[in-house]
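This report describes a protein model for a reader new to structural biology. Please examine the sequence and the structure below before reading on.

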Number of protein chains: 2
Amino acid sequence: MENISKVWLGPLPADSPYVKPFRMYYVQNGKEKNWDLLKVHDSVAIILYNTSSKKLVLVRQFRPAVYHGIITSEQGNFDNVDLKAFPPSLGVTLELCAGIVDKSKSWQEIAREEVLEECGYDVALERIEEVMVYRSGVGSSGAKQAMYYCEVTEADRATVGGGVEDEIIDVVELPLDEARRMIQKGAHNNSPPSCLMGLMWFFANKAPANV
Amino acid sequence: MENISKVWLGPLPADSPYVKPFRMYYVQNGKEKNWDLLKVHDSVAIILYNTSSKKLVLVRQFRPAVYHGIITSEQGNFDNVDLKAFPPSLGVTLELCAGIVDKSKSWQEIAREEVLEECGYDVALERIEEVMVYRSGVGSSGAKQAMYYCEVTEADRATVGGGVEDEIIDVVELPLDEARRMIQKGAHNNSPPSCLMGLMWFFANKAPANV
């Protein structure tokens with residue numbers, strides 16, 4: 001996964017299907033203001049718990065935006081990135097199984113498909129239960145994300161997962177004690193708050209008492 | 001706050017200090033790939049608990065990105081927005097006290113300043129304890145956010161808060177039972193996952209047992 005041999009930056013094409021930036025203008029209390037923002041896709045995320053192995057099922061992937069964020073915070077720009085000084089593994093994250101809402105299907109059905117495509121478990125729709133809905137990136141994108149919870153067993157395993165088409169995704173079975181460490185005071189995570197929130201929700205509501 | 005009389009959209013200026021979009025190219029396993037992303041500021045967020053009132057202190061504000069996200073999901077574009085059909089209150093969020101890291105000060109000091117500017121409590125630096133660090137917007141920005149926890153009392157109140165310069169921010173003292181409802185199964189929040197995660201962390205680690 002971290003076999004990345006070259007990185008460089010170009011301008012955002014005007015026809016990007018993923019990032020559409022704008023400046024929004026508005027008049028609040030009689031005064032004109034503005035805010036720079038972008039439209040990104042709404043998304044689903046799924047807390048997956050394998051009750052056979054008593055492990056959480058997460059995904060690990062190289063995230064260009066995270067790598068870019070780290071490099072530019074460290075060296076002030078993204079020019080001539082030294083892949084030895086900044087190994088691409090810095091941009092690898094651990095996240096909940098997730099996907100964007102870009103199809104004319106129900107959100108729950110999209111969640112079901114992501115569980116199969118990314119993690120390889122084939123589950124019936126009614127086993128995907130909604131946890132909660134919220135807005136991510138309130139400062140920049142304000143996209144909606146719905147979080148789901150699904151318990152799986154070894155019997156549900158249909159493929160090894162790993163994503164579709166160009167996706168390079170590792171499925172990670174995370175022991176509960178490691179997950180607990182991720183949400184402890186002082187933890188430094190390459191994980192988004194939605195993942196950490198999902199783990200906290202799991203421990204507060206679903207985790208077996210004896211693991 | 002929701003006294004918003006007009007909204008419209010323009011192109012993102014090339015010199016926006018807040019949103020800098022790019023297309024990143026990289027070679028992974030010998031194959032050229034790309035990802036559209038943007039640079040946004042790193043940030044701090046603070047879980048604030050008033051031990052005098054036994055309430056959490058949050059902020060409420062109109063978020064253009066959230067309003068834009070809702071309108072474009074509903075009507076497919078942001079043209080001729082009907083403010084009666086889509087009242088600007090739809091874009092008002094409830095969040096942790098937070099701020100961007102754009103000054104040459106320590107992150108903890110920036111957190112201290114945000115507590116004062118947004119919420120009006122003047123606390124010593126050592127009372128701001130770090131909770132954890134993570135990456136937000138892993139799909140689009142990958143910015144770093146550090147979360148802090150701080151207990152305040154009525155004696156710390158220096159101003160009414162509300163932000164600086166053009167900011168229009170309401171300070172909200174949230175009873176713990178209302179906060180608990182925000183993180184229950186089925187909750188639909190106009191809040192970011194960082195806020196919901198902060199509330200879950202508070203209930204797991206800091207909340208008094210008898211409130």
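Which residues does A:Met132 touch, not counting residues up to four places away in sequence?

## A residue in the core

The model is a predicted one. In chain A, A:Met132 touches A:Gln145, A:Ala146, A:Met147, A:Met197 and A:Trp201. In chain B, A:Met132 touches B:Met182, B:Ile183, B:Gln184, B:Ala187, B:Asn189, B:Leu196 and B:Met200. Residues up to four places away in sequence are left out of this list.

A:Met132 also belongs to the largest nonpolar core, which has 53 residues. The residues with the most contacts inside this core are A:Ile47, A:Leu56, A:Met132, B:Ile47, B:Leu56 and B:Met132. Helix H4 (residues 193-205) of chain B supplies the largest share of the core, namely eight residues.

## The interface between the chains

The size of an interface is often expressed as the accessible area lost when the parts come together. Here, chain A and chain B bury about 7,200 Å² between them, and 63% of that area lies on carbon and sulfur atoms. Within chain B, the residues that lose the most area to chain A are B:Trp8, B:Arg135 and B:Val138, which together account for 9% of what that side buries. The contact involves 82 residues from chain A and 82 residues from chain B.

## Two sheets with strands from both chains

Strands of a sheet pair through backbone hydrogen bonds, in either a parallel or an antiparallel manner. One open sheet of three strands follows the order S3(A)-S2(A)-S1(B), with antiparallel pairing. Strand S3 (31-39) of chain A and strand S1 (4-11) of chain B each have a single partner strand, so one side of each is left without a neighbour in the sheet. On average, neighbouring strands in this sheet are turned by 25° against each other, direction ignored. Nine bridges join strand S2 (residues 20-28) of chain A to S3(A); A:Tyr26, for instance, has A:Lys33 as its bridge partner. Helix H1 (residues 64-75) of chain B lies across S2 and S3 of chain A together with S1 of chain B, at about 60° to S3(A).

Another open sheet has three strands in the order S1(A)-S2(B)-S3(B), again with antiparallel pairing. Its edges are strand S1 (4-11) of chain A and S3 of chain B. S1(A) and S2(B) are paired over seven bridges, and A:Leu9 has B:Met24 as its bridge partner. H1(A) lies across S1 of chain A together with S2 and S3 of chain B, running at about 60° to S3(B).

## Alternation along a strand

In a regular strand, side chains alternate between the two faces of the sheet. Strand S7 (residues 97-100) of chain B shows this alternation: B:Cys97 and B:Gly99 point to one face and are buried, whereas B:Ala98 and B:Ile100 point to the other and are not. Strand S4 (residues 43-50) of chain B runs antiparallel to S7(B) and is joined to it by four bridges. B:Val44 stands opposite B:Gly99.

## Two loop residues with positive phi

Most residues other than glycine have a negative phi. A:Asn80 has a positive phi, near 45°, and lies in the loop between helix H1 (64-75) and strand S6 (92-100) of chain A. A:Asn80 counts as exposed because its relative accessibility is 76%, and exposed means over 50%.

B:Asn29 also has a positive phi, near 50°. B:Asn29 is placed in the loop between strand S2 (20-28) and strand S3 (31-39) of chain B. With 44% relative accessibility, B:Asn29 counts as partly exposed.

Key:
Residues numbered from 1 in each chain as written. Chains lettered and ligands numbered in written order. Predicted model: local features only at pLDDT ≥ 70, side-chain atom pairs only at ≥ 80, totals over all residues. Heavy atoms only, no water. Pairing = 2+ DSSP bridges. Axes fitted to C-alpha atoms, helices over the stretch in contact; angles between N-to-C directions. Contact = heavy atoms within 4.5 Å. Core = buried A, V, L, I, M, F, W, Y, C linked by side-chain atoms within 4.5 Å. Buried < 20%, exposed > 50% of the residue type's maximum accessible area, 1.4 Å probe, protein only. Buried area = accessible area lost by both parts, 1.4 Å probe.
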